[in-house]
Amino acid sequence: MIIAVDGPAASGKGTLASGLAQHYGLPHLDTGLLYRAVGLAVADEHEGPAFEAAAIAAARALDAAHLKDHAALTTAETGVLASKVAVIADVRAALFQFQRGFATQPGGAVLDGRDIGTKICPDADVKLFIQADSKARMERRARQLELRGVAVDRYALYHQIEERDARDMLNPNGGFFQADDAHLLDTTQLGIEAALRAAIAIVDRTM
Ligand code: C5P
């Protein structure tokens, strides 16, 4: 069974995907981490041809060990860097292989990201598209960061999320849209437990 979970930044898709993985006993890949790891690898480069070349090399060299340093990977700044490397076609091509490898392991998997239902696993058994309004998404991300002891400037965070959404939506190589056969789940008014129950109900109904 392959479950594809897509949605914008801080929509709750990661938490839902990991809850679904636990519920169904499946391995889970947060594909945003791949783009974040590549973004982090080129954080010191100036944007331009050298940045692109370094990002492509980092994407080709990526392995699971690079996804472990969570603190640096999860910052809002790394999210913005991730969305910059995510527009490079050869970065997406290199990460495609990594994601397909994960998705096709025996027994199935849950993958969350932006283009899982459209490009990585167009044949997924169940596709969910998670939505939530920008203010709710900003507030959730702010609380996550604060729980980790990070001081948050909500105004700046809101703009980082909007900037990332805009770049993702315009990404010509992206495929960041709701697949025709994806189920829409709006989590603006839902807590984690209620959202997970709703997602499980959709998966059970579809299987
Ligand atoms: O999901 P997360 O917010 O961690 O993703 C960081 C960035 O990585 C996104 O804003 C997007 O630019 C990129 N991304 C992508 N395709 C995916 C997952 C993430 O382009 N499947």
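This text walks through a predicted model, from the loop after β1 through helices α1, α2 and α5 to the ligand shell and a loop before β4.

The loop between β1 and α1 is where Gly7 sits. Gly7 is buried, since 28 other C-beta atoms lie within 10 Å and the cut-off for burial is 20 or more. Leaving aside residues up to four places away in sequence, Gly7 touches Lys13, Phe129, Ile130 and Gln131. Ala179 stands 172 residues from Gly7 in sequence, yet the two C-alpha atoms are 11 Å apart in space.

Ala10 belongs to the loop between β1 and α1 as well. Its count of 24 other C-beta atoms within 10 Å makes Ala10 buried. The backbone at Ala10 has a positive phi of about 60 degrees, although the residue is not a glycine. Most residues other than glycine have a negative phi.

Helix α1 follows, covering residues 13-24. Its 12 residues, at 1.5 Å a residue, should span 16 Å, and the C-alpha atoms at its ends are indeed 16 Å apart, so expectation and model agree. The buried residues of α1 are Lys13, Gly14, Leu16, Ala17, Gly19, Leu20 and Ala21. Their cover includes the strands β1 (2-6), β2 (28-30), β3 (109-113) and β4 (126-131), together with helix α10 (192-206). Just after α1 comes Gly25, with a positive phi of about 65 degrees.

Helix α2 spans residues 32-41. Of its 10 residues, 9 are buried, so α2 is largely enclosed by the rest of the structure. The buried set consists of Gly32, Leu33, Leu34, Tyr35, Arg36, Ala37, Val38, Gly39 and Leu40. These residues pack against β2 and β3 and against the helices α3 (49-61), α4 (70-73), α5 and α6 (89-103).

One of these partners, α5, can be followed in more detail. The axes of α2 and α5 are 7 Å apart and the helices pack at an angle of about 95 degrees. That angle makes α2 roughly perpendicular to α5. On the α2 side the contact involves Gly32, Tyr35, Arg36, Val38, Gly39 and Leu40, and on the α5 side Thr78, Gly79, Leu81, Ala82, Lys84 and Val85. By type, the residues of this contact are 6 nonpolar, 4 polar and 2 charged.

The ligand brings α2 and α5 into view again. It is surrounded by 15 residues, of which the closest are Gly32, Tyr35, Ser83, Ala86 and Gly113. At least two residues of this shell come from each of α2 (32-41), α5 (76-85) and α9 (154-170). The shell comprises 4 nonpolar, 6 polar and 5 charged residues. Gly32 and Tyr35 thus appear among the closest residues to the ligand and also in the contact of α2 with α5.

The last stop is Cys121, in the loop between α7 (116-120) and β4. Cys121 counts as buried because 23 C-beta neighbours lie inside 10 Å. Not counting residues up to four places away in sequence, Cys121 touches Ile2, Ala4, Ala103, Leu111 and Ile116. Tyr155, by contrast, is 34 residues from Cys121 in sequence and 35 Å from it in space, C-alpha to C-alpha.

Key. Residues are numbered from 1 along each chain as its sequence is written. This is a predicted model: local features need pLDDT of at least 70, side-chain atom pairs count only at pLDDT 80 or more; totals for chains, interfaces and linings use all residues. A residue is near a molecule or strand if its C-beta atom, placed from the backbone, lies within 6 Å of it. Helices (H or I, at least four residues) and strands (E, at least two) are DSSP runs, numbered from the N terminus. Ala, Val, Leu, Ile, Met, Phe, Trp, Tyr, Cys and Pro count as nonpolar, Asp, Glu, Lys and Arg as charged, and the others, Gly among them, as polar. The expected span of a helix is 1.5 Å times one less than its number of residues. A residue is buried if 20 or more other C-beta atoms lie within 10 Å of its own, exposed if 12 or fewer, and partly exposed in between; C-beta atoms are placed from the backbone. Two residues are in contact if their C-beta atoms, placed from the backbone, lie within 7 Å. Axes are lines fitted to C-alpha atoms, for helices over the stretch in contact, and angles run from 0 to 180 degrees between N-to-C directions. Angles under 35 degrees count as roughly parallel, over 145 as roughly antiparallel, 65 to 115 as roughly perpendicular and the rest as oblique.
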